[in-house]
Amino acid sequence: FDIEVFAGAREVMHTIVGLQSELSVDPFYSGAPDWQHALSVYQEAGFALSSLIANNVDWFPRLREIDCIMYRPDRC
């Protein structure tokens with residue numbers, strides 16, 4: 001529900017400097033948005049990519065999820 005939480009923060013978005021979101025590369029949660037869609041939502045809101053980190057060591061070598069760390073260049 002990261003995108004829904006993000007959308008709910010519109011009124012305070014100007015105060016947010018960075019975010020971390022779990023992105024589904026190979027979704028196993030029903031209805032989870034794919035990672036490219038989620039990334040585009042954050043980028044359209046003015047966030048830039050800082051890091052992508054695989055967070056599924058138990059599934060290696062299959063990439064299932066990544067932690068996405070982003071920041072607002074205009075706030076740093």
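**Cysteines, core and pocket**

In this predicted model, the sulfur of Cys68 lies 14 Å from the closest cysteine sulfur, that of Cys76, which is too far for a bond. A disulfide would need the two sulfur atoms within 2.5 Å, and Cys76 is accordingly in no disulfide. A search of the whole structure likewise returns zero disulfides. The two cysteines also sit in contrasting surroundings: Cys68 is buried, with a relative accessible area of 0%, whereas Cys76 is exposed, at 68%.

Turning to the interior, the largest nonpolar core comprises 13 residues. Within this core, the residues with the most contacts are Phe6, Leu19, Leu23, Tyr42, Phe47 and Met70. At least two core residues come from each of helix H1 (2–8), strand E1 (18–24), helix H2 (35–44) and strand E3 (65–71). A closer look at Leu23 is helpful here. Leaving aside residues up to four places away in sequence, Leu23 touches Trp35, Ala38 and Tyr42, together with Arg64, Glu65, Ile66 and Cys68. The buried Cys68 is thus one of the contacts of Leu23.

Finally, there is open space to consider. The largest pocket holds about 290 Å³ and is lined by 16 residues. Phe1, Asp2, Ser24, Ala32 and Pro33 are the lining residues that lie nearest the pocket centre. H1, E1 and H2 each contribute at least two residues to the lining, and E1 gives the largest share, with four. Sorted by class, the lining consists of eight nonpolar residues, four polar residues and four charged residues.

Terms used. Residues are numbered from 1 along each chain as its sequence is written. This is a predicted model: local features need pLDDT of at least 70, side-chain atom pairs count only at pLDDT 80 or more; totals for chains, interfaces and linings use all residues. Side-chain values use heavy atoms; hydrogens and water are left out. Buried means under 20% relative accessible area, exposed over 50%, partly exposed in between (1.4 Å probe, protein chains only). A nonpolar core is a set of buried Ala, Val, Leu, Ile, Met, Phe, Trp, Tyr and Cys residues joined through side-chain atoms within 4.5 Å. Contact means heavy atoms within 4.5 Å. On a 1 Å grid over the protein atoms alone, a cavity is a set of points where a 1.4 Å probe fits but cannot get out, and a pocket is an open set with protein on both sides within 12 Å along at least five of seven lines; lining residues have an atom within 4 Å of a point. Grid points are joined across faces, edges and corners, and a volume is the space filled by probe spheres set on the points. Ala, Val, Leu, Ile, Met, Phe, Trp, Tyr, Cys and Pro count as nonpolar, Asp, Glu, Lys and Arg as charged, and the others, Gly among them, as polar.
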